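Hi,

Here is the structure I promised to pass on. Have a look at it first, and my notes follow underneath.

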Amino acid sequence: VSAEVFPFAKVGGLADVAGALPNALRDLGHAARLPMPLSRMIVDDPRLSLQKTLPKFSVRMNRHWSQTAIFKETEVDDLPVGFIGTDRWFTESVSSETLYTPGGIQHLFFCAAVLQSMEELGWIPDVIHVNDWHTGFLPVLLRMRPSHIWQDVCSVFTIHNLAYQGEFGTEALDALDLPHRLFHYEHVEAY
């Protein structure tokens with residue numbers, strides 16, 4: 001799971017790793033899928049043939065708010081690449097340079113939507129690999145919103161550049177109905 005993946009969107013080395021690792025895992029015999037945000041630059045790219053493989057679905061952000069998600073998919077070298085979007089975010093990303101707009105709510109949505117899209121697809125992996133702060137709340141959701149579906153799924157969190165950290169306050173926890181006790185240096189608080 002990554003905010004940028006080569007050849008679709010690339011700011012730095014994260015895109016190279018995120019684009020290569022799933023293929024390497026597949027070559028070793030593992031089933032892999034690659035979710036990333038559905039940005040406007042992806043939608044507008046005439047080279048891509050995106051298929052709508054799921055109907056619009058609802059993503060629960062918190063008990064008072066759900067957001068409608070869009071899921072489209074393509075394959076690159078037989079690797080399924082899923083693009084998750086919404087009418088509310090990612091539409092301003094028209095180039096790789098505009099992928100990281102200020103604020104973090106769109107990334108919180110993306111994390112919740114990745115889990116929901118996997119449930120909608122009926123594809124529950126053994127391991128979810130997330131990359132950098134943009135996807136960092138996904139393992140938190142995996143554990144803090146317990147479900148029998150996810151109870152045996154492990155997560156791996158890779159930091160590619162420690163200089164860039166998503167900085168969130170307790171409003172991020174509120175947006176996802178997560179307890180404030182997580183805002184602690186042993187959990188999600190950043191310095």
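Bear in mind that this is a predicted model. I'd begin with the strand pair β6 (residues 127-131) and β7 (residues 154-158), which run parallel and are joined by 5 bridges. If you want to trace the register, V127 has C154 as its bridge partner in β7, and N131 is partnered by T158. Put α4 between these two strands and you get a β-α-β unit: β6, α4 and β7 together form a right-handed one.

That brings me to the helix of this unit and its neighbour. Two packed helices are described by the angle between their axes and the distance between the axes. For α3 (residues 105-121) and α4 (residues 137-144), the axes come within 9 Å and cross at roughly 50°. That angle is neither under 35 degrees nor in the 65 to 115 range, so α3 and α4 count as oblique to each other. Their crossing is right-handed. On the α3 side the contact is made by L108, C111, A112, V114 and L115, and on the α4 side by F137, L138, L141 and L142. Sorted by class, the α3 contact with α4 has 9 nonpolar residues, with no polar and no charged ones.

Two backbone details are also worth a look. Most residues other than glycine have a negative phi, and most peptide bonds are trans. Where does D77 sit? You'll find D77 in the loop between β4 (65-76) and β5 (79-85), and its phi is positive, about 50°, although D77 is not a glycine. The other detail is the peptide bond from F6 to P7, which is cis with omega near 15°. P7 belongs to the segment before α1 (13-27).

Cheers

Methods:
Residues numbered from 1 in each chain as written. Predicted model: local features only at pLDDT ≥ 70, side-chain atom pairs only at ≥ 80, totals over all residues. Heavy atoms only, no water. Axes fitted to C-alpha atoms, helices over the stretch in contact; angles between N-to-C directions. Helix = DSSP H or I, 4+ residues; strand = E, 2+ residues; numbered from the N terminus. Parallel < 35°, antiparallel > 145°, perpendicular 65-115°, else oblique. Left-handed = near helix turned anticlockwise from the far one by under 90°. Contact = heavy atoms within 4.5 Å. Nonpolar A, V, L, I, M, F, W, Y, C, P; charged D, E, K, R; others polar. Pairing = 2+ DSSP bridges. Right-handed = clockwise from strand over helix to strand, strands pointing away.
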